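Colleague: Could you walk me through this one? I'd like to go over the contacts and the strands.

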Amino acid sequence: MIELKNIEKYYATKGIKNYVLRHVTTTIKQGEFVSIMGPSGAGKSTLLNILGMLEEPTYGVYEFLGEDVTSLNERKRIELYRNHIGFVFQAYHLIDEMTVYENIEAPLLYKKVGSSERASRIANLLDRFNIVAKKDLFPNQLSGGQQQLVGIARALAAQPSIILADEPTGNLQSAQAEEIMQLFQQLNKEDGITIIQVTHSEKNATYGNRILHLADGVVKDDVKI
Amino acid sequence: MFKLNLKIAWRNLWKNKAYAAINIGGLALGLTAFVLMLLYINHEESYDSWSPDLKSVYQIREKHDFFTPDNKEHWQDAVNSRMAALVRNNIPQVQAVTKVDQEWDWNNGYSLKVDNANPVMVKKVKDADSSFFKVFDYQFIQGNPETALKSPKSIVIKESIALKLFGTDKVLGKTIKIVIWRSDPGQLMTITGVVKEPKTPQSVGFNAIMRTGDKDKDPENITNSNYCQVYAKMNGAIDTALLNESLIKVYVNAKKASFAQQKRNFNDYYKNGKLPGLKAVQMEAVHANPSLQISWKDKLKPIIGISIFLLLVSVINFVNLATAQSVQRAKEVGVKKVLGSYKGQLLMQFLLESALQSIVSLFLCVILVEMILPSFNHHFNVNLSFWYNPQLLMMIFQLLALFAFVTLIAGFYPSWILSNYNPVSVLKGNYENGLKGIALRNILVVFQFVISVTFIIAIGVMYQQTQYVSNKDLGFEKGNLINIKSNYEETFAERLRKIPGVKYIATTTQVMGNAFNVPEEITYKDSKIPLNTVTVSIDALQALGVKVLQGRIFAKEYKQDTVNSIVLNESAAKLIDKNAIGKMYDVKTEKNKYSFQIVGVIKDYHNEGFDKAVLPTIYKVTHLGGTSNTNNLLVRFDTENSGNVIKKIEAEWKALYPDYPMSYTTMSNAFDKVLEDNKRFMNMIILFSVISVSLSLLGLFALSTFVAKRRTKEIAVRKVLGASNIQIVNLLNKSFLILVIAANLISWPIAYIIIKKWLEGFAYRIDMPVLPFIVATIVSVIIAVLTVSIQARKAAVTDPVNALKYE
């Protein structure tokens with residue numbers, strides 16, 4: 001599903017290249033649950049951003065679903081966002097001015113899903129995550145764990161083939177974190193959704209089936225569980 | 001999607017209620033001023049557009065120097081009555097030509113009397129010849145336009161006058177007695193038509209058009225002339241330039257013939273750049289190009305400028321607040337982008353938000369306009385309405401255009417900034433991008449303050465000039481002096497003199513409120529000097545209370561005063577001779593030579609607005625060399641309690657002239673009227689400056705809030721490092737203070753240039769004062785510092801922990 005060939009990323013300051021990623025080459029197949037781990041500054045988030053096409057690599061080739069997406073125009077990239085990629089953030093990034101329902105509905109509106117289809121999909125998601133009662137609340141009326149549930153529901157609404165999660169439990173207490181990780185595992189196993197997460201926690205990484213260890217921009221270790 | 005965006009927009013407005021209110025309220029104020037101006041412009045533009053036929057109607061104008069305030073030649077709509085026949089006989093395209101009275105400001109109207117009812121003064125009752133309704137296509141409710149003025153002593157009235165006098169419009173065949181001046185025995189006129197008030201205002205406005213018969217013929221003696229307005233209707237549309245070419249040819253030929261008949265030399269008269277002139281002005285251009293007065297377009301220019309500036313100030317507030325606020329919306333933009341929103345969709349969303357705000361402002365503005373219109377109408381002496389405007393459709397179209405314009409200009413830049421946010425940096429919590437557009441924001445704040453400071457300076461200078469003018473020595477005593485609108489007649493004057501409390505009864509052609517200038521060239525020691533001549537009665541100068549500088553003024557004891565004595569004013573004395581007393585000068589005409597002796601010099605006294613210099617003037621009582629007169633009857637009281645005396649004068653008047661009510665004005669009122677225009681202008685400037693300054697301050701207040709918010713972290717770090725509250729406040733103030741000072745530096749030269757130009761419009765003016773400039777600067781700095789400090793203090797006293805623990 002994902003092919004990274006010799007991905008490099010550096011920032012040039014005053015003529016000196018500061019490498020963030022070096023020679024990253026890997027393949028991620030459909031249905032994998034990959035955790036990217038490593039110390040602060042190892043380049044985890046940059047790698048995830050490149051995977052999410054939020055940043056472009058300086059060198060290298062990135063193929064997504066067999067298509068070279070190293071530098072895509074905005075329109076094509078957005079098409080991918082609408083149909084294939086769902087994002088989950090550490091700080092949830094729900095839109096404060098929208099209710100839970102509207103937050104989940106937003107990607108469907110962009111995807112131009114018909115209104116009855118929209119309603120049923122959202123109802124399903126609300127049901128599945130047990131947040132039906134919260135659908136008319138605003139994000140700031142929810143706990144962190146609940147907000148992240150909504151965040152995941154939003155990411156799933158467009159029925160993506162892959163979810164990119166940047167420290168999804170970083171702001172949560174351990175009980176809530178566990179709940180979220182179980183949810184991810186379930187999505188991966190039952191729905192076959194590919195998940196790539198960045199995490200600091202060994203425990204969280206064990207929910208997945210593959211761990212990429214990054215240090216100073218280089219893949220040190222690629223472990224299958 | 002649209003619905004959701006609308007919802008988000010609404011929730012955002014609600015969340016930032018205070019700023020939304022500032023935004024919307026400010027914009028509504030700016031719009032209101034603008035819309036009022038639009039209404040006014042539409043009204044003025046609509047003059048003479050009530051009938052398509054008016055496209056082929058022309059006003060005839062002649063170039064001459066009679067009735068002018070400066071004794072120079074001007075294109076005038078009061079033309080020699082002979083021009084009507086000239087145009088009719090020599091221009092083949094002419095369908096009809098009509099002669100009609102011109103309008104006099106000083107005229108209080110004519111007295112209209114129906115049967116035994118009390119006489120009513122009605123303005124704009126005009127005498128015309130039989131062709132008036134052949135030129136002007138009025139709609140008759142009663143009567144027939146073809147035959148209405150066929151016979152003399154007929155009158156056509158407007159519907160409103162019919163209702164006022166008779167209570168009905170079925171008045172054909174009824175008679176009205178018209179008394180034109182106080183001792184006029186009156187003429188009985190038969191009503192032959194009632195016309196409907198046209199939809200739009202008219203340059204040739206009237207309440208009644210009568211045919212007395214006076215306009216049917218021109219004076220027989222070639223040296224006499226009557227002046228009136230002449231209008232010609234052409235066969236369809238014609239080329240005005242060509243028409244004017246033939247008019248001037250015809251005019252020159254006619255002048256030459258007339259001069260030959262009078263045995264005068266044509267070339268002798270038209271020399272030194274003086275040229276004969278006759279032209280036609282299309283009806284639709286008449287109102288915008290009045291003769292002798294300033295056109296409404298020129299009058300309105302400063303106001304147009306001011307209201308555009310005001311609108312700009314409010315739009316700037318809008319832009320500034322929106323871009324500053326954009327930090328709050330950054331996350332939404334980032335998230336939406338990764339959810340699959342196009343940039344264009346986001347742009348539309350934010351434009352929709354500013355559209356929502358401007359539509360609310362527009363709604364508020366319509367309410368405000370409705371509320372303000374009555375006092376606006378009163379102030380500008382117009383009768384505008386919004387909902388009952390005949391051009392409502394046009395108005396709505398203009399409003400929609402304005403709405404679209406404001407939305408785009410106010411919304412586009414912030415929307416563009418917002419939709420350009422890079423999702424990675426935003427979602428990382430890196431809001432440094434909020435700094436985007438800070439340079440533009442600073443420029444806009446400076447711009448706002450330039451406008452406000454210029455306004456403040458302008459108020460200061462205008463106040464000083466107004467003070468100077470209202471306290472200026474007028475050269476005559478304006479207290480205890482009234483001017484009755486009537487000619488001077490010796491027997492009536494004698495009767496009034498017997499009333500106790502009356503000191504002088506006199507007349508002059510030159511007094512504040514109604515000055516009438518007659519140019520004359522004198523010959524003194526072989527040099528020719530152009531002067532202004534004023535005919536007075538013997539005690540007019542005493543009645544006015546002028547100051548004698550040299551010699552004496554007229555008095556009954558001097559028999560010579562009714563023979564050839566004259567008095568000069570100071571300006572004239574400067575032109576003639578410093579020691580003029582006792583000297584003689586001549587006035588030469590084609591046939592005769594008259595000699596006059598100068599007996600006194602008086603201080604210049606003001607008789608026009610302060611924009612005009614007092615003309616060098618000769619005052620004479622004698623009939624030698626011709627006289628002139630106008631409707632001024634001056635009454636000087638020797639008692640403070642003039643009310644009773646005026647009542648006695650009115651009683652005397654009523655006994656003699658029961659069919660013509662007396663009307664008068666006190667000289668204090670006449671003086672106030674002279675100042676009125678400027679006062680009006682100044683009041684408006686004050687109002688607009690207060691609005692513009694408060695809008696700018698509101699904008700600054702809101703902006704400083706956002707800046708304080710954005711710098712929360714910096715402030716917290718500085719506090720942790722040991723900065724005191726005062727230091728924090730100073731830190732925030734400094735950035736704004738620089739802007740305000742820059743604005744002051746920019747506005748000084750701008751204000752200087754504008755104000756200099758304004759002051760140059762006055763013949764009597766103060767020197768450019770320095771004080772308003774300094775005061776404006778100090779005031780603007782102080783209020784800006786106060787405004788920012790309120791927010792800065794809030795930011796300074798918050799606990800740094802709150803700011804730092806976040807993230």
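Modeller: Sure, and a term to begin with: a polar contact is a pair of N or O atoms within 3.5 Å; within protein, one must be able to donate a hydrogen and the other to accept it, and residues adjacent in sequence count only if both atoms are side-chain atoms. Keep in mind that this is a predicted model, where local features need pLDDT of at least 70 and side-chain atom pairs count only at pLDDT 80 or more, while totals for chains, interfaces and linings use all residues. Residues are numbered from 1 along each chain as its sequence is written, chains are lettered from A and ligands numbered from 1 in the order in which they are written, and side-chain values use heavy atoms, with hydrogens and water left out.

Colleague: How many residue pairs are in polar contact between domain 3 and domain 4 of chain B?

Modeller: Domain 3 of chain B covers 449-472 + 677-807 and domain 4 covers 481-672, with bounds from an automatic or database domain assignment. Salt bridges (a side-chain nitrogen of Lys or Arg within 4 Å of a carboxyl oxygen of Asp or Glu) number zero between these two domains. For residue pairs in polar contact, both at pLDDT 80 or more, the count is five.

Colleague: Which three residues supply 60% of the area that domain 3 of chain B buries against domain 4 of chain B?

Modeller: Buried area is the accessible area (1.4 Å probe) that two parts lose on being put together, summed over both. Between these two domains it comes to about 600 Å², with 62% from carbon and sulfur atoms. On the domain 3 side, the three that supply more than any others are Val469(B), Ala763(B) and Tyr764(B).

Colleague: Which residue of chain A meets Lys331(B) in a salt bridge?

Modeller: Chain A and chain B bury about 2,500 Å² between them, and four salt bridges cross that interface. In one of them the N to O distance is 3.3 Å, and the partner of Lys331(B) is Asp96(A).

Colleague: Why do two strands of the open sheet in chain A each have one side without a neighbour?

Modeller: Strands here are DSSP runs (E, at least two residues), numbered from the N terminus, and two of them pair if DSSP finds at least two bridges between them. The sheet runs S2-S1-S4-S5 with antiparallel pairing. Two strands stand at the edges with a single partner strand each, so one side is left without a neighbour in the sheet: S2 (16-28) and S5 (67-68) of chain A.

Methods
Helices (H or I, at least four residues) and strands (E, at least two) are DSSP runs, numbered from the N terminus.
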